[in-house]
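This report is intended to be read alongside the sequence and the structure. It treats the confidence of the model, then one helix and its surroundings, and finally the cores, the cysteines and some details of the backbone.

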Amino acid sequence: MKIHDGFLGEIEITEAEIFDFEDGLLGFPGCRKFAIFALTDYPPFVGMQSLDDPAVGFVLVDPRFFVKEYKPDIAHTQLQKLDIQSAEEAQIYSIVVLDSDVKKITANLFGPILVNARKKIAGQCVLTNDQDKYLLKYPLYQTNTPKVG
Amino acid sequence: MLVLSRKKDETIILDNKIEVRILEIKGDVVRLGIVAPKDIKVYRGEIFDAIAEENRQAQRSAASLATLQSILPKTEK
């Protein structure tokens, strides 16, 4: 199906790329359905576009591209809701705050989005006790170099 | 909204399993003690406000995707 993305204009997405956010997204309570799709020109970044409100769209990234040892402590009840055994088995994304100044681009490691691709459900989780370890505003720029395969 | 008045050391019970006790009242600070089953997560409200605000900021607007190019891990390219 075709949807309108705030950045890319009209894009084609598949049914498999549409996820239900049963609890909505903090700050956007009316948005329950989002398409999550690869930004093919900007790997590993991923787009997330609301299907309820065309004005609501985000850039996501799997935080493990930048913080290799990212292991968020997520409440059991939140995992249960998404029918996920552990955070490691889910797709994990951080919401990215863009900025024209690259040094100010941050990712939210404290409120990750967990996706259960099998059941096509997703939700934003609030970590239970890692607020100092996993920052709400984690600058992506500084971690440019360390990851070598 | 349900509004209740409580004195020091008094409690409220939520859903038969969560106890909230007024431990201390000092000026404009109230200290609460919360006893709840392990699967009930308790957060300060500001944490949710902060994440909601962060989400609002992240909503893509004028910022350009092109800036992302410069933060891609070098080994990814």
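Helices, of at least four residues, and strands, of at least two, are taken here as DSSP runs and are numbered from the N terminus. The structure is a predicted model. In chain B, 1 helix and 3 strands are found, and along the sequence they follow the pattern β-β-β-α.

**Confidence and overall character**

The model has an ipTM of 0.85 and a pTM of 0.84. For chain B the average pLDDT is 86, and 86% of the residues score at least 70. Chain B has 77 residues, of which 23% count as buried. Among the contacts in chain B with a separation of 6 or more, residues 24 or more positions apart account for 0%.

**The helix of chain B**

Helix α1 of chain B comprises 14 residues, from 45 to 58. The expected span is 1.5 Å times one less than the number of residues. For α1(B) this gives 20 Å, and because the end C-alpha atoms are 20 Å apart, the model agrees with the expectation.

Which residues of α1(B) are buried? They are Ile47(B), Ile51(B), Ala52(B), Glu54(B), Asn55(B) and Ala58(B). Viewed down the axis of α1(B), these buried residues fall within an arc of 160°, and therefore they line one face of the helix. The general geometry is helpful here: an α-helix has 3.6 residues a turn, so residues three or four places apart point the same way. On the face turned away from the buried side, α1(B) carries the exposed residues Glu46(B) and Asp49(B).

What covers the buried residues of α1(B)? The cover includes four strands of chain A, namely β6 (57-61), β7 (91-97), β8 (106-107) and β10 (121-124). Gln57(B) also belongs to helix α1 of chain B. With a relative accessible area of 40%, Gln57(B) is partly exposed. Leaving aside neighbours within four places in sequence, Gln57(B) is in contact with Val97(A) and Lys137(A).

**The nonpolar cores**

In soluble globular proteins, nonpolar side chains tend to be buried together. The largest nonpolar core in this model has 41 residues, and those touching the most other members are Phe45(A), Val59(A), Val96(A), Leu114(A), Leu140(A) and Leu68(B). At least two residues of this core come from each of β4 (33-38), β6 and β7 of chain A and α1 of chain B. Another core, of 19 residues, lies apart from it and includes Phe19(A), Cys31(A), Ile36(A) and Ala58(B).

Ala90(A) is situated in the loop between α1 (76-81) and β7 of chain A. Its relative accessibility is 7%, so Ala90(A) counts as buried. Beyond its neighbours within four places in sequence, Ala90(A) is in contact with Arg64(A), Ile84(A), Leu114(A) and Val115(A). From Ala90(A) to Ile113(A) there are 23 residues in sequence, and the C-alpha atoms are 9.6 Å apart in space.

**The cysteines**

How many disulfides are there over all chains? The count is 0. A disulfide requires two cysteine sulfur atoms within 2.5 Å. Cys31(A) is in no disulfide, the nearest cysteine sulfur being that of Cys125(A), 18 Å away. The sulfur of Cys125(A) likewise has its closest cysteine sulfur in Cys31(A), and this distance of 18 Å is too far for a bond. Cys31(A) counts as buried at 5% relative accessibility, and Cys125(A) is also buried, with a relative accessible area of 2%.

**Details of the backbone**

Most residues other than glycine have a negative phi, and most peptide bonds are trans. The table lists two residues of chain B with positive phi.

| Residue | Phi | Place in chain B | Relative accessibility |
|---|---|---|---|
| Asp9(B) | near 70° | segment before β1 (11-14) | 45%, partly exposed |
| Asn16(B) | near 60° | loop between β1 and β2 (18-26) | 77%, exposed |

Neither Asp9(B) nor Asn16(B) is a glycine. In chain A, the peptide bond from Pro43(A) to Pro44(A) is cis, with omega near 5°. Pro44(A) lies in the loop between β4 and β5 (46-50) of chain A.

Methods:
Residues are numbered from 1 along each chain as its sequence is written. Chains are lettered from A and ligands numbered from 1 in the order in which they are written. This is a predicted model: local features need pLDDT of at least 70, side-chain atom pairs count only at pLDDT 80 or more; totals for chains, interfaces and linings use all residues. Side-chain values use heavy atoms; hydrogens and water are left out. Buried means under 20% relative accessible area, exposed over 50%, partly exposed in between (1.4 Å probe, protein chains only). The arc is that of the directions from the helix axis to the C-beta atoms. Contact means heavy atoms within 4.5 Å. pLDDT is the predictor's confidence in each residue, from 0 to 100. A nonpolar core is a set of buried Ala, Val, Leu, Ile, Met, Phe, Trp, Tyr and Cys residues joined through side-chain atoms within 4.5 Å.
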